[in-house]
Amino acid sequence: MPANFLTPYRRLQHISEYFSGLAPLLIRLILAPVMIIAGYNKLNLSNPEATPLQRFLADPNVVAWFGNTQWGLGLPLPDVLAFLAAWTEFLGGWLLLIGLMTRLISIPLMITMVVAATTVHLDNGWFAIAPTNPDTSAANVPLWLGFDEAKVSLENSKAAQERLDTIKELVAEHGEPSYLYEKGNVVILNNGIEFAATYFVLLLSLFFTGGGRYVSIDYWVRRVIENTNGH
């Protein structure tokens, strides 16, 4: 390649390397609140009627959902698994926020995402919110690549659109559209694996990159250790 072309490319590469800690920071800022509140909602911390010990255990309703085979997950040892999931998410979210033990905590958090995807969301397919226009659905891409299974998703989009239209007609006739739509439009919740899979990929990225150099305790601990060994 001509040298005059490589020079700006190398400068761009140098700049990108210098700011490489920005991406892990933003990923941590996206994931941390999600994990913290997910864990908090599984615990008894805000229950005024619970004893001090009970507040550190999983919410009984969450335990029941973990263990029930009829309307829940049907998992063994629901007390233990609910406790571990709650504290993994709650404490893990705070560790991600401050960038402490980022790689280590990413592992159990990835496990919780896999469990959530396979036990809660897998039967619902990919999309968290059902696309209601098959022409603009991302399912068209795998269809173009020869995956006929995507046709099921596109048919589901048509069915979701019909139901959404019915909802809007009922609201227009019997409800208050201006009030009900003031904060956003109505959607069909599909509850697929999209969010769990996305969070898993973000956590996997943090496992390989670490917390980065910005607002990360891991980075400064590593700097101290390197300086100590250097002397």
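Begin by selecting tryptophan 71, which touches Ala64 and Trp65, residues up to four places away in sequence not being counted. The model on the screen is a predicted one. Tryptophan 71 sits in the loop between helix 3 and helix 4, and its relative accessibility of 55% places it among the exposed residues. Add leucine 29 to the selection: the two residues are 42 apart in sequence, and their C-alpha atoms are 33 Å apart in space.

**The loop before helix 4**

Remain in the loop between helix 3 and helix 4 and select leucine 77. Its phi is positive, about 45°, although the residue is not a glycine. Most residues other than glycine have a negative phi. Leucine 77 counts as exposed because its relative accessibility is 60%.

Next, show Leu53, Leu57, Leu77, Val80, Leu81, Phe83 and Leu84 together, for these residues make a nonpolar surface patch of about 630 Å². One of them, leucine 57, is located in the loop between helix 2 (22-40) and helix 3 (60-67). With a relative accessible area of 38%, leucine 57 is partly exposed.

**The nonpolar cores**

Turn now to the interior. Which residues of the largest nonpolar core touch the most other members? Select Leu31, Met35, Leu96, Leu109 and Leu203, which hold that position among the 13 residues of the core. At least two residues of this core come from each of helix 2, helix 4 (78-98), helix 5 (102-121) and helix 9 (194-209). A second core, separate from this one, has eight residues, including Val62, Phe66, Leu73 and Ala82.

Centre the view on leucine 96. Beyond its neighbours within four places in sequence, leucine 96 is in contact with Arg28, Leu31, Ala32, Thr102, Ile105, Ser106, Leu109, Leu203 and Leu206.

**Salt bridges**

Two salt bridges are counted in the model. Side chains of opposite charge can pair when their charged atoms come close. For one of these pairs, select glutamate 89 and lysine 42, whose side chains meet at 2.8 Å, N to O. Glutamate 89 belongs to helix 4 and lysine 42 to the loop between helix 2 and helix 3, so the pair ties together parts that are 47 residues apart in sequence. Are these two residues buried or exposed? Both glutamate 89 and lysine 42 are buried.

Keep glutamate 89 selected and add valine 34, which is found in helix 2. The two residues are 55 apart along the chain, and 8.6 Å separates their C-alpha atoms. Valine 34 is partly exposed, its relative accessible area being 28%.

For another salt bridge, move to lysine 158 and glutamate 155, whose side chains meet at 3.6 Å, N to O. The two are three residues apart in helix 7 (residues 150-174), and therefore about one helical turn separates them. Lysine 158 is partly exposed at 41% relative accessible area, and glutamate 155 is partly exposed at 48%.

**Annotated segments and a last loop**

Colour residues 21-40, 80-97, 104-122 and 196-215, which an unreviewed UniProt entry lists under "transmembrane region". Residues 21-40 are 95% helix and 0% strand, with the end C-alpha atoms 28 Å apart. Residues 80-97 are 100% helix and 0% strand, with the end C-alpha atoms 26 Å apart.

Finish at asparagine 191, in the loop between helix 8 (177-180) and helix 9. Asparagine 191 has a positive phi of about 60° although it is not a glycine. With a relative accessibility of 31%, asparagine 191 counts as partly exposed.

Key: Residues numbered from 1 in each chain as written. Predicted model: local features only at pLDDT ≥ 70, side-chain atom pairs only at ≥ 80, totals over all residues. Heavy atoms only, no water. Patch = residues over 30% accessible without salt bridge, like charges linked within 9 Å, V, L, I, M, F, W, Y side chains within 5 Å. Areas by Shrake-Rupley, 256 points an atom, 1.4 Å probe, with all protein chains shown as cover. Salt bridge = Lys/Arg side-chain N within 4 Å of Asp/Glu carboxyl O. Helix = DSSP H or I, 4+ residues; strand = E, 2+ residues; numbered from the N terminus. Buried < 20%, exposed > 50% of the residue type's maximum accessible area, 1.4 Å probe, protein only. Core = buried A, V, L, I, M, F, W, Y, C linked by side-chain atoms within 4.5 Å. Contact = heavy atoms within 4.5 Å. UniProt positions renumbered as here; feature names shortened; annotations may be inferred.
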